[in-house]
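Reader: I would like to go through one protein model with you. Please keep the answers short and show the reasoning.

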Amino acid sequence: MRLVDRYPEVGLDGLLQSLVPPPRFHAATFATYRPDPRYPSQTLAKERLRRWVKDRPQGFFRPKLPGPQGLYLDGGFGVGKTHLLVAAYWEAPPPKAFLTFEELTYTLGLLGLREGAKRFAAMRYLFLDEFELDDPGNAQMITHFLALTMDKGLRVATTSNTPPGALGEGRFNADQFRHQIQGLARRFAVERIEGEDFRHRHPERLPVPLSDAELLALYREDPRRKTLDDFPSLLAHLCTLHPIRYRYLLEGVEVIYLRGLEAIPDQNDALRFVHFVDQVYNLKVALRASGAPLQELFPEDYRHGAFAKKYGRALSRLAELLG
């Protein structure tokens, strides 16, 4: 079976029924979060988010509490932001939703801004993972969406690798949308989480991919539901699909075999692969690969550019998946 032979369709009903945390985080609770004692901000963020969920308005009309309606978890990859966000989701009362920023923008595109805002405003909580602004269209849409929902009492908690006031920098001419971005930032109390990647992966210690012969031998012996694809063919296939479909591309798959990892010279292809890795990781799909070392996948100028934290997260997750 090959991933490149799959063309999953994503319907609105399916999207609206799957607004829950991904499988990797089903056991993520406040009790299972282990703060690093070297970084007190991790414990502080845990307690702040826990209080934020418990300190909720009562009654049908859900009047707004004083201060920002939202909580913004800002920090590097691997410090437990998503774990904490999921933990808060489990403790929050319904109606509620958990989704990534990418899933939210896609859902609003299908529903339309007004209808989408109406549906989410009827909820009590929205938990939004990986908040980011990659283009001015998203900046305007999300600014309006949050105004239409949070002004009606929706409480929003989100994670990001970028402080709210710096959203969009290096990705589009954010100065033209500074007013919207500043207005968006005022809706959130920022909780900065310091720390190291809990996976403790460093480029000099990244796992070495297999040889093609080793990969094929493992593939033949593996009894799980599996796929085998050439890496360049997979990249080309990802170009034909909206990133929202990558999650559904993996339905029913237990382990992915990728043959021939190589440097990705096009940044658009590289970002698509980053999103693909996120889905593989979140869905707890196993991964085996042959080819070039992981540190050669993304050119150095990408790893130090506007999307540096995305590439760092992808390498960290790849290291765990392949290790």
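Author: The questions below deal with a predicted model, taken topic by topic.

Reader: Is Ser18 buried or exposed?

Author: Ser18 is found in the loop between α1 (12-16) and α2 (40-54). Buried means under 20% relative accessible area. The relative accessibility of Ser18 is 13%, so Ser18 counts as buried.

Reader: Which residue has its backbone oxygen 3.1 Å from a polar atom of the Ser18 side chain?

Author: Leu15 is to be kept apart from the residues that Ser18 touches when those up to four places away in sequence are not counted, namely Arg247 and Tyr248. The backbone oxygen in question lies 3.1 Å from a polar atom of the Ser18 side chain, and it belongs to Leu15.

Reader: Is Phe131 buried or exposed?

Author: Phe131 also sits in a loop, the one between β3 (125-129) and α6 (136-150). With a cut-off of under 20% for buried, a relative accessibility of 3% means that Phe131 counts as buried.

Reader: How far apart are the C-alpha atoms of Phe131 and Thr162?

Author: Along the chain, Phe131 and Thr162 are 31 residues apart. In space, their C-alpha atoms are separated by 8.3 Å.

Reader: Which element gives the most to the lining of the largest pocket?

Author: The largest pocket has a volume of about 720 Å³. Its lining holds 42 residues, and Gly78, Val79, Gly80, Lys81 and Phe198 lie nearest the centre. Elements that give two or more residues to this lining are α3 (81-91), β4 (155-160) and α13 (308-322). With 6 residues, the element that gives the most is α13.

Reader: How many residues in the lining of the largest pocket are charged?

Author: The lining can be sorted by class, with 13 nonpolar and 12 polar residues. The number of charged residues in the lining is 17.

Reader: Which helix gives the largest share of the largest nonpolar core?

Author: In soluble globular proteins, nonpolar side chains tend to be buried together. Here the largest nonpolar core has 61 residues, and Leu49, Phe127, Ile256, Leu258, Phe273, Phe276 and Phe298 touch the most other members. The largest share of this core is 8 residues, and it comes from helix α11.

Reader: How many residues are in the second, separate core?

Author: This core includes Leu108, Ala139, Leu146 and Leu184. Its number of residues is 24.

Reader: Which Phe residues does Leu258 touch, not counting residues up to four places away in sequence?

Author: Leu258 is one of the residues that touch the most other members of the largest nonpolar core. Its contacts include Leu215, Leu234, Leu287 and Ala289, along with Asp229 and Arg288. The Phe residues among its contacts are Phe231 and Phe273.

Definitions and conventions
Residues are numbered from 1 along each chain as its sequence is written. This is a predicted model: local features need pLDDT of at least 70, side-chain atom pairs count only at pLDDT 80 or more; totals for chains, interfaces and linings use all residues. Side-chain values use heavy atoms; hydrogens and water are left out. Helices (H or I, at least four residues) and strands (E, at least two) are DSSP runs, numbered from the N terminus. Buried means under 20% relative accessible area, exposed over 50%, partly exposed in between (1.4 Å probe, protein chains only). A polar contact is a pair of N or O atoms within 3.5 Å; within protein, one must be able to donate a hydrogen and the other to accept it, and residues adjacent in sequence count only if both atoms are side-chain atoms. Contact means heavy atoms within 4.5 Å. On a 1 Å grid over the protein atoms alone, a cavity is a set of points where a 1.4 Å probe fits but cannot get out, and a pocket is an open set with protein on both sides within 12 Å along at least five of seven lines; lining residues have an atom within 4 Å of a point. Grid points are joined across faces, edges and corners, and a volume is the space filled by probe spheres set on the points. Ala, Val, Leu, Ile, Met, Phe, Trp, Tyr, Cys and Pro count as nonpolar, Asp, Glu, Lys and Arg as charged, and the others, Gly among them, as polar. A nonpolar core is a set of buried Ala, Val, Leu, Ile, Met, Phe, Trp, Tyr and Cys residues joined through side-chain atoms within 4.5 Å.
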